[in-house]
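Hi,

Here is the structure I promised to pass along. Have a look at it first, and then read on for what turned up when I went through it.

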Amino acid sequence: MQNSLHEVEESLHAYKEEQISVSKPSLLMSDASPVEGSSMWLRCSVEKGTEPIQYVWQHAVLGGNFTTFAHGGSSINVSNTERNHTGWYRCVASNAVNRESSDQSWLHITFGPDVPQIDVTPYSLTERGYSALETENVSLLCQAQSSPASQYIWLYNDSQVHTGPHFSITKILRMHTGDYTCLAQNSHLKTRSRKTVSLAVYYPPDGSPSCSVEPALNHTSLRLLCSWPGGFPSPSLHWTGNMTHAGQEQVDTGQQTHLPAGTNVLLPPGGLIPNSSLFTCLGSHPALKQQTECSTITYIPPAELLCSANVTEDKQYLRLSCSWDGGAPQALVWWEGPKGQGKEGEEKTNVLILSYGAFHFEKPYVCYARHPLLAQMKTCRLTLAPVSKPDLLMSDASPVEGSSMWLRCSVEKGTEPIQYVLQHEAGGGSITTLSQGNSTAVTITNVDRNHTGWYRCVAGNHINSESSDRLRLEVVFGPDVPQVDVTPVYSLTERGYSALEGETVSLLCQAQSSPASQYMWFYNNSQVHTGPHFSITKILRMHTGDYTCLAQNSHLKTRSRKTISLAVYYPPDGSPSCSVEPALNHTSLRLLCSWPGGFPSPSLHWTGDLLQAGQDQVDTGQQTNPTDTEMLLPAGDLVPNHSLFTCLGSHPALKQQTECSSITYIPPAEPVCFAYVTNSKQYLMLSCSWDGGAPKALVWWEGPGGLYKGGEENSNILVLRYGSARSGKPYTCYAKHPLLLQTKTCRLTLEAPVLLTQRRVVSVYEGSDVQLTCNLRANYLPTNDITWFNNQGADVRDTSKYMLLRTSAWANLTVRDTDETQDSGEYRCSTSNAVGGAEINVTLVVKKHPMPPNATLVRVVYSSQHRNEVELEWQVEGEEDGGWTGFFLEHRWVSEGPGRRGGSNDSKSEERSGSQDWYRSIIQDPDARSHTVRGLTPTITYRFRITPVNHRTIGHPSAARSPVELRNTAYPAVIGAAVGGMLFAVISTLLLLLYIIRNRNNNPRLHDMLFGSQHSQSRENINFAEDEAVRGSEGGMEDRGGSLSPGPTVAVPQASSSLTSSPPSAAPITLSPVSNSQAPPTDE
């Protein structure tokens, strides 16, 4: 037995050694993150192992232990995944040899989001949602189950206001009332859910309640009024006070139709309200911690009812007066008298006026007074006297069939009691009594056609009886509500009819009535036509309005009406107006189309390059103005340059569409920057322009230190205080246009100016023009004028001395006709701008020209015996070296010799001394070596000298010389001929005289004319210039007293013209006196 067991064990051990153990299994999932509700599978596989192999499936939640949920095969199919399937999974494979477990794998089920749950704190839950008090801090928390976790977005009235699960509103206001939506979205599943709650913000009304009391039910009761308008929700109002005494169980609160925030309390009639009752209205509101109140009191007039009668002064009227003063509310007072005289049922009708003589004494007139606190009316009676002829009154002489009416018989006067009989005469002539007694009125509750006929009233008392005149009662019906027909009709809308302007419109009104109705047409409550048919020829827009057909029965004085609205369609004027403007901070474009006017408003829409601009992204916005339409084009450089947009407008009154277009384009040029300074030099203006373009570009500045203007259109100027600009720092102008994605820039760098000059020291000879230069090293911004200051420190202007040539970059100063003494020195060039200033000095050295060589007069002679012209010749030392530019020819007269003046034969007259001033003639030709001086006085002796000139440098004058007589060989012959002629003349004269003397008796007149009387003498005074000249040469030169005054020209004594000279090659000369202070000539 033991051997057989041992054999079995050995055989089993051998069997096990033949079996293969299970390898570590691998777990596969078709989807590690399936969506809830989808299907998936799990598969467990081993690489080796002897069959059969058993599989066990185990599941563990996060942080839990594994539990077995399935046995059997190597795969599991899940047809409908759920969120609780999430967790760790593993499979266990086993056979007869061993048991192995796979690695655990995580299965994540994605789901959600579920419908969110919103918690509001603090909160008050109402039927419509949540509520909060104004100025509270409200917190909204949104939670939605989701895997992965949800993302939350809060919307207020469909507009996003917050992101995240928690949304807080600090000090909530009434304008925050609305719908708050929590939008939960699963970014993995691309799914979302939402929950909306309504949040109402409670706020109290202003002030406190307002109380009042008024009569009701024809002054038989009281109505308490309490109003407290405003607030949300409406405040709670209720009355307290003496209502328990007034029978509060009978209070009728009525409907609050007109005062939604008020309450009306109708107190019961019948005198149940005590006098002097106080009523208080208490008001409460959820947003207020305490109640607020108002009070009112009601009381009966303290005095009694008083009646009185008086006649007017003209005795035309009788006035019956009744008064019951005081009380709250005021009592109702009215009169009743004969023939229905009185005003019944109207407050303050306390006076009844009757015509004087229309009454008799002992007729009763009664005043009635009613107060809501009293169950009974108070009366006051005035009685007059006998019965007069009664008057029959009908409430309606032509009542509508089916209505009620009354007939009343009244007398003006008569003593009570009075009996009244109301008689009816039908169409056949029979008379029936309708009523009889002391009642003056009969009421017919349901009038029909049989009541038609004649009626009269018989009134009588113990004094007399009187019958009234007959009255005819006609029972009629209608008019019914009219029917209005309008032709032609363009369209019929909810608001009424419409027609096109310019059409002829016809309106027809018909209403059933007996007798026939009369028709009246009203336009906006103003009568415009009478009759059933109303036509409007060529209707205009001003005819738009309400048209009312009024049908009236002249007997019943009843009327009915029908009102229709007629709108006249007319197109707007002109055509649409288009424009394009920037939007979203100049990153996009907004198209504006307006076509004002017209009715109804025209239809507008945009066409054109919208597809190129990304029409699917176009935001048309809201049409706040019915005649305008806006279109916001997308940002991001999607609109091409020179895009054309067209706005099409249509209107029911137009057969064709009309349009307008607008084009948008980038400015063609680039932004331009420049700077300038104000006239007062207080401010520096940096200007930037980018002209052109549609719409206009946005331009702004940015500079160092935060100096900028941004975000405003046309902010193209940056204003800086003068001197505050930073040198070398860039100022940048930015320009943005909606058609460009990038911003353009223009940059200015401001620097202090630096001046340059060609020469710091300028030398020039005296008398020349010299130019001093000054220029800027660069073109500085902003620019300023360059100013020159002379050697005296004075600001230089254009004068005869100075000439300025300047531009924005340089300024040249020209000094004319320089002088050594006046013009030599330091000249200063200065400039400045808003950043700084600079100046530079230029030294001007004016030199004299070299001294010219000396000149010598070699010949000074008279050109004739007349002694009025002198010829001069001179020589210059070292002529080959040059160094002179002209000469000064100077003269002065030395003395004037004696002569025969004024017919005197005295040859021994005194000599006069000459002038000490030299008179100068300028010879501008440097090559001149001779000169002729004319216009001299023959009797004067002159002295001449020559002085070389080199520009303005005057040389030494030559030795002075006087002219000598001209020596000629023909002179003796001329003298001989003259003497011979004289002798011949003397002999001829003597012979003639002898003949006259011998024949004086024959020619006495001739004798007396020649020789005079016997005792007269014959004298001859003959003076010749030659004689004067001869005397001067013989007796010496004569000095004449006095001297000539210096001046530009000299008048020589005894000369007929000024002294002039005309050398052959010299320009015109000027004579001027020369002071003796000059270097004196050396006399030879």
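Let me start with Asp 798: at 53% relative accessibility, the residue counts as exposed, since the bar for that is over 50%. Please keep in mind throughout that this is a predicted model.

Where does Asp 798 sit? You'll find Asp 798 in the loop between β64 (787-789) and β65 (802-806). Leaving aside residues up to four places away in sequence, Asp 798 touches Met 803 and Leu 804. With Leu 804 there is a specific link to look at: the side chain of Asp 798 reaches the backbone nitrogen of Leu 804 at 2.6 Å. Also, the C-alpha atoms of Asp 798 and Leu 813 are separated by 9.3 Å, with their positions 15 residues apart along the chain.

Now the overall picture. The protein has 1084 residues, and 40% of them count as buried. Its secondary structure comes to five helices and 78 strands. If you take the contacts between residues at least 6 apart in sequence, 64% join residues at least 24 apart. The accessible surface comes to about 59,700 Å², and carbon and sulfur atoms account for 49% of that.

On to the inside. In soluble globular proteins, nonpolar side chains tend to be buried together. Here, the largest nonpolar core has 36 residues, and Trp 606, Leu 684, Leu 686, Trp 701 and Tyr 731 have the most contacts inside it. There is also a second, separate core of 29 residues, with Leu 222, Val 265, Ile 273 and Leu 305 among them.

Some nonpolar side chains are on the outside, too. Leu 278, Ile 297 and Tyr 299 form a nonpolar patch on the surface, and together they have about 250 Å² of accessible area. Of these, Leu 278 belongs to strand β22 (residues 277-284). Is Leu 278 exposed or partly exposed? Its relative accessibility is 43%, so Leu 278 counts as partly exposed.

Then the charged pairs. Side chains of opposite charge can pair when their charged atoms come close. The count of salt bridges comes to 25, and here are some you may want to pull up:

- Arg 83 and Glu 36 meet at 3.1 Å, N to O. The pair links distant parts of the chain, 47 residues apart: Arg 83 is in the loop between β5 (75-78) and β6 (87-94), and Glu 36 is in the loop between β1 (26-29) and β2 (40-45). Arg 83 is partly exposed at 31%, and Glu 36 is partly exposed at 30%. Asp 114 joins Glu 36 and Arg 83 in a network of salt bridges.
- Arg 952 and Asp 817 meet at 2.0 Å, N to O. This pair also links distant parts of the chain, 135 residues apart, with Arg 952 in the loop between β75 (940-950) and β76 (953-954) and Asp 817 in the loop between β66 (811-815) and α2 (820-823). Arg 952 has a relative accessible area of 36%, and Asp 817 has 38%.
- Arg 859 and Glu 873 meet at 3.9 Å, N to O. Arg 859 lies in strand β69 (residues 855-862) and Glu 873 in strand β70 (residues 869-876), so this salt bridge ties together parts that are 14 residues apart in sequence. Both are partly exposed, Arg 859 at 29% and Glu 873 at 35%.

Cheers

Terms used
Residues numbered from 1 in each chain as written. Predicted model: local features only at pLDDT ≥ 70, side-chain atom pairs only at ≥ 80, totals over all residues. Heavy atoms only, no water. Patch = residues over 30% accessible without salt bridge, like charges linked within 9 Å, V, L, I, M, F, W, Y side chains within 5 Å. Areas by Shrake-Rupley, 256 points an atom, 1.4 Å probe, with all protein chains shown as cover. Salt bridge = Lys/Arg side-chain N within 4 Å of Asp/Glu carboxyl O. Helix = DSSP H or I, 4+ residues; strand = E, 2+ residues; numbered from the N terminus. Buried < 20%, exposed > 50% of the residue type's maximum accessible area, 1.4 Å probe, protein only. Core = buried A, V, L, I, M, F, W, Y, C linked by side-chain atoms within 4.5 Å. Contact = heavy atoms within 4.5 Å. Polar contact = N/O pair within 3.5 Å; in protein donor to acceptor, adjacent residues only side chain to side chain.
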